[in-house]
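Visitor: I am new to this structure and should like to look closely at one part of it. Please begin with the strands and sheets of one chain, and then place them in their wider setting.

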Amino acid sequence: MLMNLFKFKGGVKPPTNKTQSVNLPIAQAPLPSRLVVPLHQSIGGMPQPVVEAGDKVLKGQLIGEADGWISAAVHAPTSGTVVEVAMHVQPHPSGLDALCVVIEPDGKDEWIPREPVDYKSLPPEEVRERLQQAGVVGLGGAVFPTHGKLTASKTVPMDELIINGAECEPFITCDDLLMRERAEEVVRGIGIFRDLLQPKKVLIGIEDNKPEAAAAMRLAVQALGESFAVVQVPTLYPAGGAKQLIRVLTGKEVPASKRSTDLGVQCFNVATAYTAWRAIAHGEPVVSRLVTVTGNVHEPRNYEVLIGTPMDELLKLAHPHPDTDGIIMGGPMMGFLVPDRQVPVVKATNCLIAHDDRLFPPKAPEMPCIRCGACAQACPHELQPFEMYWFSRAKNFGKTQEYNIFDCIECGCCSYVCPSRIPLVQYFRFAKSEIWAREREKNAADQAKLRFEFKQLREEREKAEKAEKLAKAAAAQAAKKAAEAVAAAAAAGESGAAPAADTAAAPAVATPTDAPTATVNPEKEAKRATIEAAMARAKAQREAVQPKNVDNLSPEQLKAAADIEARRIAAHLIEPQPADQTAPLDPNN
Amino acid sequence: MFPPAPFLLKDVSVSQVMIQVCVALIPGIAAYASLVGPAILVQLVIATLAALVAEALMLKVRGKPLALFLTDGSAIVTAWLIALTFPPLAPWWLVVTGTVFAVIVAKHLYGGLGQNPFNPAMVAFAVCIVAFPALMSQWPSVGLQLGLIDQMNIILGWAPRVDTLTGATPLDAMKTALKLGEGSFDVSTLLANQDIYGNFAGRGWEWVAGGYLLGGLWLWHRKLITWHVPLAFVASLSLISGALWLYNPGQFASPLFHLLSGGTMLGAFFIATDPVSGCTTPRGKLIFGAGCGLLAYIIRVFGGYPDGVAFAVLLMNLSAPLIDLLTQPPIFGMKDKS
């Protein structure tokens, strides 16, 4: 099939060093003495352990449950006994520990009951669910949970499904061997992805330095009657980067700010397709993967390795030369030296390279940047690495972002070509992590600021409310005083004229009513009339606001209400009527 | 602990870059030496020694590793460009002054390798032509045939500087004649003087320019320079000289004359392409090169100096950071955005 290929700018051509490890077929690595299976082997949520020390497990048994949708389950790679669930050092440049399930194999390698299914009979959600439960993740190195990528965009039609068999990093040949030996299952796996995503086209991209793999894939595609296009792309690092391969095959450029599905493309690694097929059609979760063991060894080769196998045990199979001084996990362009040779093989481990100074000569001392621009010409994302370096070095991180540092995929092309031997990628990682750290700090500070402002606001509001309350109380006090004064005046004018209190305390005013009323003068009489009228209005008002349910009460209820009222007054819960207070004034009359 | 990825590195270094620039200068130097004699080789040696001594001194003062930086070759490139742009019979101290000034002031006082905003060799040229205009304008007279000993004696000051030994460059001679002639001379009659001029430009100078062109193309082939700056330089110089030549062929020399005269080829391929002081973006490089060509023409034709390349490059050095800032190319995936 003839196809119009596109080019991406930049890229480098380091010596591929692939021929060493493709001469021998894939070998099954023997059972290691013990397996250390990290629970966190994919992007996303940290799976929770579902086994504990002493548990017997079977091969393929769930040991870590997916936590959330973007997370994938983890399984026992062989049958045996769980020795411990504990922190162990990880195959990560940080050298940090993480929770692992340590299994001592019983040597039987006994599977759990496997349930093969015909995925075509299942609804798509269940297929995705099964993939998650089987721990299928992107095996190209990013280990993103595969099921999370198998939902097409609702708004953008899915044009192309890209299958990545480019394998552009030097030394690595595990995808090459997988395609050569297991092409049929890879193609069947691609079929699952195709059925879930319904793309218009399926393009399988393979670098043209792997003609055997491409031929095997073509044959398998033909044999299975599929219409997938197997496309040989020019060998140019990093053609196997998802964004570069998408560019080469479709001409589309996915910026850092977008997902490929926004442009109607999705991309999976060939090994991911293979494990997806094994998971669905054989009921086998991901418990092993192909690993290239190469570099400073006698017998470079690809092995089918159980997840959790200690790296030094795996490396021994290839007979490393005695001057080996480290293990690189991944390729020489983007890989890293593992912090400890005991670290386990994980789902992201595609290659182990025995390191020595002959293969990887020590770097010459770093010189100042001469702005030659070689890095900019090599950058596949068309960035200006020397500018980003300049600002990273100066810790002017805002500027690094203006120069799009987050579009950097850390492929290492810039460092590879730099005549001044500046570890550019290292500077960019530093700048990115600093920016993230500052972002976190800023978020924390923003949160604290928000909390503080809210607290201030609340305190101010409470203060205002308190002040308002006080003002009201003061006003009430003043009103009360005024009323008392008036009442006193009234009492002085006409003792006993106060209306009978409608409370149970009424008898208290009985005595004053007996007082003589002879000393009435017309002025006082007028005042008294006014006050009486006011009090009558007040009483009417009080009655108006009284609950309606006190109407038509039975005598017992009325009595009970009166008793309650009496108790309330006795407990000073409500203020007695002003009329009551006229009593002490009586002796003056 | 081991260094981080990538573990594979291309076999390149600053020294290799600088050495290749020197190698690329050799065809031009050979043609130059055959034109003016071994004096130029003497000047190259003097300038190189002066540059290395000044470099070593500054590295020591600044506490930088001597061996690493002395062998990077950058001082040698600066020295060679100075020797090739100064008059070949200039007294030794003039070349030394220029070189020392370039290394100490134009390079190290700005922060050393990779930090200089101006091309050090062109700073040296500008300083010396302003400070010593007469000495900087005395070029070997046409047809002067002196042996190595005689030339060394002149350079080292052991023999008297006789006026008859020196004259103007063909480029300068043409300008002076046209200016003084007030229209009584025209270009074609001047060019007919086969003592001074060859087929297109100064006799013998055409070959020197050809040598630089050859070396420059090799640099481009080796991907040490991109095509942008030289092409823009040559194109803009050709355009402006061509336009004026078409307007009045009697008073303005042809584009070919300008391309093969003075420092055009050396400037376009070796000086304006200096990455440290020039532009770095593709569009920026085009603007930078075009600006150099245009300014060089204006200064050499209408200005008071024998040639305009040095000042043109320095003026464009001044503008380079701004040009870079305004010409940042769109990155992968962001090209649709306007």
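In what sense do strand 3 and strand 5 of chain A pair, and over how many bridges?

Guide: This is a predicted model, and the description that follows should be read in that light. Strand 3 of chain A pairs with strand 5, residues 62-65 of chain A, in the antiparallel sense, and two bridges join them. Within this pairing, A:Pro49 is found opposite A:Gly64, a residue of strand 5 of chain A.

The pair belongs to an open sheet of three strands in chain A, ordered 3-5-6, with antiparallel pairing. Strand 3 (48-49) and strand 6 (74-75) of chain A are the edges of this sheet; each has a single partner strand, so one side of each has no neighbour in the sheet. As a general matter, the strands of a sheet pair through backbone hydrogen bonds, in either a parallel or an antiparallel manner.

A second sheet of chain A offers a contrast in pairing. Here four strands form an open sheet in the order 11-10-9-12, and the pairing is parallel. Strand 11 (229-233) and strand 12 (265-269) of chain A are the edge strands, each paired on one side only. On average, neighbouring strands of this sheet are turned by 25° against each other, direction ignored. Within the sheet, strand 9 (residues 160-164) and strand 10 (residues 201-207) of chain A run parallel and are joined by five bridges. A:Ile162 faces A:Leu203, which lies in strand 10 of chain A.

Helices accompany this parallel sheet. Helix 2 of chain A lies across strand 9, strand 10 and strand 12 of chain A, and runs at about 155° to strand 9 of chain A. Helix 3 (residues 211-223) of chain A also packs on the sheet, where it touches strand 10 and strand 11 of chain A. The direction of helix 3 makes about 170° with that of strand 11 of chain A.

One residue of helix 3 of chain A may be singled out, namely A:Pro211. A:Pro211 counts as exposed, because it has 11 C-beta neighbours inside 10 Å, and a residue is exposed when that number is 12 or fewer. The C-alpha atom of A:Pro211 is separated by 28 Å from that of A:Val417, a residue 206 positions away along the chain.

Helix 2 (174-197) of chain A has a further role in the arrangement: together with helix 5 (270-281) of chain A, it is included in what covers the buried residues of helix 1 of chain A. Those buried residues of helix 1 (residues 124-133) are A:Val127, A:Arg128, A:Arg130, A:Leu131 and A:Gln132. Just after helix 1 of chain A comes A:Gly135, with a positive phi of about 70°.

These parts may now be set within the whole chain. Chain A has 14 helices and 17 strands. Of its 589 residues, 43% are buried. Among contacts in chain A between residues at least 6 apart in sequence, 74% join residues at least 24 apart.

Chain A also meets chain B: 41 residues of chain A are in contact with 30 residues of chain B. On the chain A side, the elements that give two or more residues are strand 15 (326-329), strand 16 (336-337), helix 10 (413-417) and helix 11 (424-493) of chain A. Helix 10 of chain A gives the most, with three residues. The residues of this side comprise 26 nonpolar, ten polar and five charged.

The partner, chain B, has 15 helices and two strands. The radius of gyration of chain B is 21 Å, close to the 20 Å that the globule rule gives for 338 residues, so chain B is as compact as a globular protein of that length. Its C-alpha atoms fill a box of roughly 75 × 55 × 30 Å along the principal axes, and 53% of the 338 residues of chain B count as buried.

Finally, a word on confidence. The model scores ipTM 0.90 and pTM 0.81. Chain B has an average pLDDT of 90, with 96% of the residues scoring at least 70. For chain A the mean pLDDT is 88, and 90% of its residues reach 70 or more. The pLDDT is below 50 over residues 497-517 of chain A, a stretch that has 42 contacts in the model beyond near neighbours in sequence. It is also below 50 over residues 578-589 of chain A, where the corresponding contacts come to 28. Where pLDDT is low, the predicted coordinates should not be read in detail.

Notes:
Residues are numbered from 1 along each chain as its sequence is written. Chains are lettered from A and ligands numbered from 1 in the order in which they are written. This is a predicted model: local features need pLDDT of at least 70, side-chain atom pairs count only at pLDDT 80 or more; totals for chains, interfaces and linings use all residues. pLDDT is the predictor's confidence in each residue, from 0 to 100. Two strands pair if DSSP finds at least two bridges between them. The radius of gyration is taken over C-alpha atoms; the globule rule is 2.2 Å times the number of residues to the power 0.38. A residue is buried if 20 or more other C-beta atoms lie within 10 Å of its own, exposed if 12 or fewer, and partly exposed in between; C-beta atoms are placed from the backbone. Two residues are in contact if their C-beta atoms, placed from the backbone, lie within 7 Å. Ala, Val, Leu, Ile, Met, Phe, Trp, Tyr, Cys and Pro count as nonpolar, Asp, Glu, Lys and Arg as charged, and the others, Gly among them, as polar. Axes are lines fitted to C-alpha atoms, for helices over the stretch in contact, and angles run from 0 to 180 degrees between N-to-C directions.
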